[in-house]
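Here is a short report on a multichain model. Please look over the chains before reading on.

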Amino acid sequence: MPRIFAYIVHKDGVVDDSATELAFAARKIDPSASPVAILTGWGAGLDAACDTLRSSFTEAWKVASEPLVYPNAELVRKALVKVLPPGSILLVSHDHFGIDLAPGLSIKMNSAFVSDVLDITGVEGPQLNVVRQEFGGQVSAHVRCDISSGAVVTIRPGAFKAPAGASAGGSVVDKSSDVGVLSAKRRYLETLVPEVGDVDITKHNVLVSIGRGIQEEDNVALAQELADELGAAVSCSRPVVDAKWMEKSRQVGSSGKTVKPKVYLACGISGAFQHLAGIKGNPFIVAINKNPKAPIFQVADIGIVDDLLEFLPQLTNRVREMRCVAAK
Amino acid sequence: MVGNYSPARIAEWLVPGRSLFLAIHILGVACFSYIVARRLVPLFRAKRDFRFDRPLTRLGTVLKFWLGQWKHPRYKTAGIIHLLIFAGFILLAIRAFSVLLVGVSETLVMPGFSEGVGHTYNLVTDYAATIVFLCMVAAAIRRLVFKPARYAVPARYGKAHTADAIFLLGLIAVLMVADSLFSASEAAAQTQQGAPAEALAVLSLPWMLKAALVSASLPTLRSLYVGAYLLHALTFYFLLCYRPFGIQFHVETSLFTIYFAKLDREILKPVRWGVPDERLDQVKSFGVKTFEDFTWKHMLDFYSCADCGRCSDNCPSNAAGRPLSPRFITIKARDYAFQHYPVIGRSNNSKPLIGNIYSDDEIWSCTTCGACEEECPLLVEYIDKIVDLRRGMIDDGNVPQSLQKPLKALESRGNPYGKLEKKRADWTRAQDFQQTCQVKTIDGNNGADTLFFVDSITSYDDRMQSIGRATARILDHVGENFGILGAVEKDSGHEVRRFGEEMLFLALRDQNVDAIKASGVQRIVTADPHAYNALKHDYKDVPPVEHISQVIARGVRTGNIQFSPVEDPNKVYAYHDPCYLGRHNQVYDDPRDVLDAIPGLKRVEMSRCRDRSFCCGGGGLMLFYEPKEEERMGVKRVRMAAEAGANVIVTACPFCMTNIEDAIKVAGMEGKMTAIDLAELVDQQIVRESSPKESELAVCGG
Amino acid sequence: MEILVCVRRVPDTSENEIELNPAGNDIERDELVYSINESDNYAVEEALQIVSRVGGKVTVVTVGGDDDEEILRREMAMGASHGVLISDDAFSGSDGRGIATILKAFAQKGQYDLILTGVQADDGAAQVGGMLAAMLDYPFASLVNSIEVLEGRKLKISREIEGGNKEMNEIDLPCVLSIQTGINEPRYVGMRGIRQIASVPIPTFSASDLGVDPAAVGQAATKVKRVDYFVPAVGRGAEMLHGSREEIVDKVLELVAAKGGLK
């Protein structure tokens, strides 16, 4: 069985949520494996990140090099090629960084590449069996991947939720010296953050989406409060934009934005085809509507027939309570 | 003559008077001819337009719309003022020529004007001049004091046109005064000299002026006589030459615009006149991209527009605050023509119109409802121009993303939603419907006399399927042997064509025509006015087509259909005319007759009804287009229904239904207003031996 | 600038449910219509906009069969100068690495300053662009949502990263970029445009034309194979929650948390 590594993204000394997911995915490949976390970066942030990983990984490889201070996929790829033993399996989160890094890395490692994996069903000899989705999540596929010369596997964020585990009591191994001098033909310049208030609903994992059922402009605040508690954004259907209660940029639908959240709270949205056309990626849809015949209930996962204006504040309060409990 | 002086002689101390006036005439006529010739330059560079056929019909159009001023009284005050001015002008035109001739030759008399006729004529023109003068005053007061909203120029379209309008009104007033003064001074002088004076019409402007001048000295009168003549001549030629620079050009061009007006209003302009569909592939560029891509008649329209604003006053897009005002489609093009084809200087090559004088949104905003054309007194064409501009945009690939998806789906699937063809007849398979009505799909084994052409929205939209089922049950009730095309039916392409995608329309049309011919049906019925219009006017060689409201009306007349009374006494119905049933096909009475045949049904008319119906927001691809607007047309329409005292809007079009039901929700009038399709209402009220299951008017929307 | 855009023809599944074939080894394709992959179309539009600014030509290439010519014609109707079909029996069944190998061979036959791909196909893995870049040793950037051509054979690009943020980068030419949807507004191609280009011959390259070793591509060389398709178990219609409002609220939060909807 090849060694399993997990490339961990971190920022300002904090590791990405995907770290535990990758550890869990590694154990799904081989329950007996002790996967190795591999981190690249520079300075105190890197050290802090490595430290936090002791709880979920038995070993964390630290690759420190000044050019790696920002995770430029080209530099990271060059570093990993030098550090990773041939034939390893590397797990990477399937996010904007993983998409940037993983395919090219598989070429340079001469290993197999399988992306956006939702589930791992096991290993049979030199074959790794995984589950992927195709066609916007409408169908799933069993995929067999030849890992005899190693593999780079990207893991769909959120697909591998690890049960809370005990501390792995891991150690940090410094592999920086393996890297040598790094240079890239692509140079990071800066990150542009959109102006405050300019919410991009296509980028959110959770959307509190409101429709006509919100009834009045003042009630939009009810949705916003819930969204604030959930760390979500408020989106809406066309009538809300027509009424000028929200910006056009918040509209989901064939004439608005196409969103791919994980969770979609459809509040007072009847579920017209034009609206549903804007919801992609098969999210978990919770529909709240007064009308039990609203078409949204056809497509939702969970349906609640209730008055939005009463239900929303109660939901918001409950989330608030839970967060207070969690904080204690 | 004033004493021994005729105007021709009076200026002899300077130059021979006759030569002076002759020079003025020649110069004036030459200037005018030159200006008009320059104005005609773009028309010769324009695209072809076949307007030389059916001269008698065209003459009839001229008699009705030009001489008869048919459309003018649709706006009462302005219409009456215009009628009076027009009549005055016609009368004075002859007089103007005779006055002008007097300056050149005393002996010249208008042919056919014997003493008696000429005398009566003079009396009439005295009044004519007076009335025109008063009309100028009234028009100026309207412009300056009452300021009708339709004359206002929104900031985005430039400066107000008031100053120019007042200037022109003033010039005409001056012309009238000069003319009157000319007659008055002559008559006054004659009276003073005891000569038999020309009788002036009592209380007319010349009569009043004469009364004021009767005691003036002869030399004063002489000066006035000559001065008035000179003023008249100069003003006349100034006006003549100034008119081609602005809205007054319609005085000269309207006759031609109306003579060459489109006779087959319901048929859309071909991509290129004289190029048959099968040779369209050889046309290098589609539609209107530069000014020269317009046809000469369309350019003539631009010259002829009198800026009256009736088009925009009736335009629902304009009312909804969309960036479209038909009036400025014309005014901007006219200004462009004046600027790029100047009277003095070189004509310069034109830039693309879109992005320079028109915006994309402006052109996509039109619902082709036809309200502007219905209103225009000069029969200016708008839909053809909009469609031609869209053809140009389609050809350049300049199409909003929101329209590209449905267009692609229409190409690959034959419906704008991208739904599977095999699901097109799914609406017939609703369980409780199937128990009451079996709809057959016409194929080799199942023939039918009548084809129910369903079209895309009624086939695929959950809510509109109910209109399809109601229609089927009605056809069943009246004993039609009918069927549908099922999966082989394609979108009628009505909006595809009107959105400028001609080639896609032709493909859809050809597929439908083949399927219809293969079905062997004798007639076609549809519940969708857009499909109705397409089948009736855009398609060729298909059996006659009727809208379901016509079928129902016939059923009512023959007693084949009978209704049970309306149960709810609180319901007040208003019928909303769908544009493509009403304005474009003049089916106004059948739906109303049907409603009035339902016992106990209370019906009111909205103030905008019949040929002034207000578009609901547009059908077909317009549902996919996201216009920038202040308030939806549908919302405005729903409010109009409420103002009329109605609480049920009856319509006869699935697109109207979509827009109106949405608008009721947006307007927050749920519970206060409902909408129902005529077919649904009929299906509900019809008396059957065994009545069908409860009608299925589910509440839907998004 | 010479730009190569790698495109793919995919079933258009946006509005219709996908069904599996009885054998379960593929989706039911009889009723499907095909079109160019959406993000590939944005890549072509971007390439056209770049050459309209700085000059050059756009070549559109696809690996496939005769049916795939249709998308090349559509992109040529948009304005691409050349369309190239790479087709060989030896290529069938290639995985991402195989496709990248074939495209690498083609790219090396020309002088391309910039190679664009779409970010991902509906049935793809967002892999070919990155692999191709690595094979060519070109720099690569994914999820690109703006491109500005700089002096000195460089581009300034932005990448779409989390939260609507834009990661700005400078990248040397030649390079490979995978283009995100929304980078531009692709122009419309009507039936007329396609018909006008219908008779233009499309050059076809085979394995031997490109000097690709048939053993390195195709079904036999794949490291990743799809075994079968299956429909994930999703119940029809919502599970309606009943009970007191408090119970419902708790149940909703429990489920939402399980789906990653709670921070």
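Which residue in E17(A) does Val263(A) stand opposite? The partner of Val263(A) in E17(A) is Phe284(A). The model is predicted.

## A sheet shared by chains A and C

Val263(A) and Phe284(A) face each other within a parallel pairing. Strand E16 (residues 263-267) of chain A and E17(A) are joined there by 5 bridges. The wider sheet is open and has 6 strands. Its order is E15(A)-E14(A)-E16(A)-E17(A)-E18(A)-E13(C), and the pairing is parallel. Two edge strands pair on one side only: strand E15 (233-236) of chain A and strand E13 (239-240) of chain C.

Helices from both chains pack here. Helix H5 (residues 220-230) of chain A touches strand E14 (206-210), E15 and E16 of chain A. The direction of H5 makes about 175° with that of E14(A). Helix H7 (residues 245-258) of chain C lies across E16, E17 and E18 of chain A. H7 of chain C runs at about 160° to E18(A).

## The contact of chain A with chain C

Chain A gives 62 residues to the contact, and chain C gives 65. On the side of chain A, several elements supply at least two residues each, including helix H4 (96-109), strand E7 (112-117), strand E13 (186-192) and helix H9 (308-327). The largest share, 8 residues, comes from E10(A). By class, the side of chain A that touches chain C has 31 nonpolar, 14 polar and 17 charged residues.

E10(A) also pairs across the chains. Its partner is strand E12 (residues 224-230) of chain C. The two strands are antiparallel and share 6 bridges. In this pairing, Arg144(A) stands opposite Lys225(C).

## Domains and a hairpin in chain A

The domain assignment splits chain A into domain 1 (4-178) and domain 2 (201-327). Their C-alpha centres lie 34 Å apart.

Chain A also holds a hairpin of E8(A) and E9(A). Strand E8 (residues 119-124) and strand E9 (residues 127-134) run antiparallel, joined by 5 bridges. Ile120(A) has Val130(A) as its bridge partner in E9(A). Between the strands there are 2 residues. Gly125(A) takes a positive phi near 60° in this hairpin.

## Helix packing in chain B

How are H6(B) and H8(B) oriented, roughly parallel or roughly antiparallel? Helix H6 (residues 162-192) and helix H8 (residues 218-242) of chain B pack at about 155°, with axes 8 Å apart. That angle makes H6(B) roughly antiparallel to H8(B). The crossing is left-handed. H6(B) contributes, among others, Leu171(B), Val174(B), Phe182(B) and Gln192(B). Residues of H8(B) in the contact include Leu218(B), Tyr225(B), His232(B) and Phe236(B). By class, the contact has 18 nonpolar, 4 polar and 2 charged residues.

A second pair is set at another angle. Helix H24 (residues 548-558) and helix H25 (residues 589-596) of chain B pack at about 45°, with axes 8 Å apart. H24(B) is therefore oblique to H25(B). This crossing is left-handed. Ser549(B), Gln550(B), Ile552(B), Ala553(B) and Val556(B) of H24(B) meet Asp590(B), Pro591(B), Asp593(B) and Val594(B) of H25(B). The contact of H24(B) with H25(B) divides into 5 nonpolar, 2 polar and 2 charged residues.

Notes
Residues are numbered from 1 along each chain as its sequence is written. Chains are lettered from A and ligands numbered from 1 in the order in which they are written. This is a predicted model: local features need pLDDT of at least 70, side-chain atom pairs count only at pLDDT 80 or more; totals for chains, interfaces and linings use all residues. Axes are lines fitted to C-alpha atoms, for helices over the stretch in contact, and angles run from 0 to 180 degrees between N-to-C directions. Helices (H or I, at least four residues) and strands (E, at least two) are DSSP runs, numbered from the N terminus. Angles under 35 degrees count as roughly parallel, over 145 as roughly antiparallel, 65 to 115 as roughly perpendicular and the rest as oblique. A crossing is left-handed if the near helix is turned anticlockwise from the far one by less than a right angle, and right-handed if clockwise. Two residues are in contact if their C-beta atoms, placed from the backbone, lie within 7 Å. Ala, Val, Leu, Ile, Met, Phe, Trp, Tyr, Cys and Pro count as nonpolar, Asp, Glu, Lys and Arg as charged, and the others, Gly among them, as polar. Two strands pair if DSSP finds at least two bridges between them. Domain bounds come from an automatic or database domain assignment.
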